[in-house]
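Let's take a walk through this one together, starting with a helix and then going looking for empty space inside the protein.

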Amino acid sequence: MKPLTPRQRIHSIHTRLVDEVRTHPAPVVDLITAQTHDPYRILIGALLSARTKDPATAQACAALFTRAPDLSALLTLTIQEIDTHIHPVGFHQTKARHLYHLARILKEQHSSQIPRTLQALTTLPGVGLKTANLTLANAFQIPAICVDTHVHRLSNLWFHFNTPTPEKTEAALRKLLPRPYWLTWNPLLVSHGQTTCPPRHPHCPRCPLAGLCPRHPDQSPQPPSPTPAVTTLQHLLQTPQNPT
């Protein structure tokens, strides 16, 4: 069989992951996006999700958005009140301070609007490259590659980048991935990394990437058993056309 070109390989990985994650629970920020399409909630959810598992992020978002459904409401809360609502997340005290000051910067410097550029977003307290890219992609559908621990780990596994940091992995992906894949690369790899390919105990026998992943060169993967989920990625993802 003729070896796949890099673009054909990317398309094959993307297509198989789209099929795989149709019954997976949606990552929390993608769920917020699908339910609200609200840039404020997407930005806050992305900030809270940093170094935090999805169940804790979802719990914190639900509590905070009940009390502060928009920026004007967030401005009325003290740091201590914010901390009480987001307590399940990692580094909640630091994130509470960031949210308190972020709300005031948005009001005073951005007319209470969420910025639409990477440069402006990354000047906000607590907003790093990952959070900014996730906000651009989910809130505004601006092509951006959000690289978290799963995207960093799996992209290095599949494409042998040997990049030491997520920032360098993002730069490598920008050169490799065609732009139609940028918006969906993060939710696909996050879902795959949380379920089929966790770092310590990957489930290679049921992985759909047989023949595409160096851990699983066998060409015949076992089809995964469908697992019902209340909210899935099925309606959030589209597969780009096969590149020529």
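Keep in mind that this is a predicted model. Begin with helix H1: its buried residues are covered by, among others, helix H10 (149-159), helix H11 (166-176) and helix H12 (182-195). H1 itself covers residues 6-20, which makes 15 residues. From first C-alpha to last it reaches 21 Å, close to the 21 Å expected at 1.5 Å a residue.

So which residues of H1 are buried? They are Ile 10, His 11, Ile 13, His 14, Leu 17, Val 18 and Glu 20. If you're wondering about the spacing, an α-helix has 3.6 residues a turn, so residues three or four places apart point the same way.

Now for the holes. How many cavities of 30 Å³ or more does the structure hold? There are two. The largest has a volume of about 60 Å³. Its lining is made by His 192, Thr 196, Cys 197, Pro 202, His 203, Cys 204, Cys 207, Cys 213, Arg 215 and His 216. Sort those by character and you get five nonpolar residues, four polar and one charged.

The second largest cavity comes in at about 40 Å³. Around it sit Asn 133, Leu 134, Ala 137, Asn 138, Ala 144, Cys 146, Trp 182, Leu 183, Asn 186 and Pro 187. Helix H9 (129-140) and H12 are the elements that give two or more residues to this lining. Here the split is seven nonpolar, three polar and no charged. You've met H12 already, as part of what covers the buried residues of H1.

Terms used
Residues numbered from 1 in each chain as written. Predicted model: local features only at pLDDT ≥ 70, side-chain atom pairs only at ≥ 80, totals over all residues. Heavy atoms only, no water. Helix = DSSP H or I, 4+ residues; strand = E, 2+ residues; numbered from the N terminus. Expected span 1.5 Å × (residues − 1). Buried < 20%, exposed > 50% of the residue type's maximum accessible area, 1.4 Å probe, protein only. Contact = heavy atoms within 4.5 Å. 1 Å grid on protein atoms, 1.4 Å probe; cavity = no way out; pocket = protein on both sides within 12 Å on 5 of 7 lines; lining within 4 Å. Points joined across faces, edges and corners; volume = space filled by probe spheres on them. Nonpolar A, V, L, I, M, F, W, Y, C, P; charged D, E, K, R; others polar.
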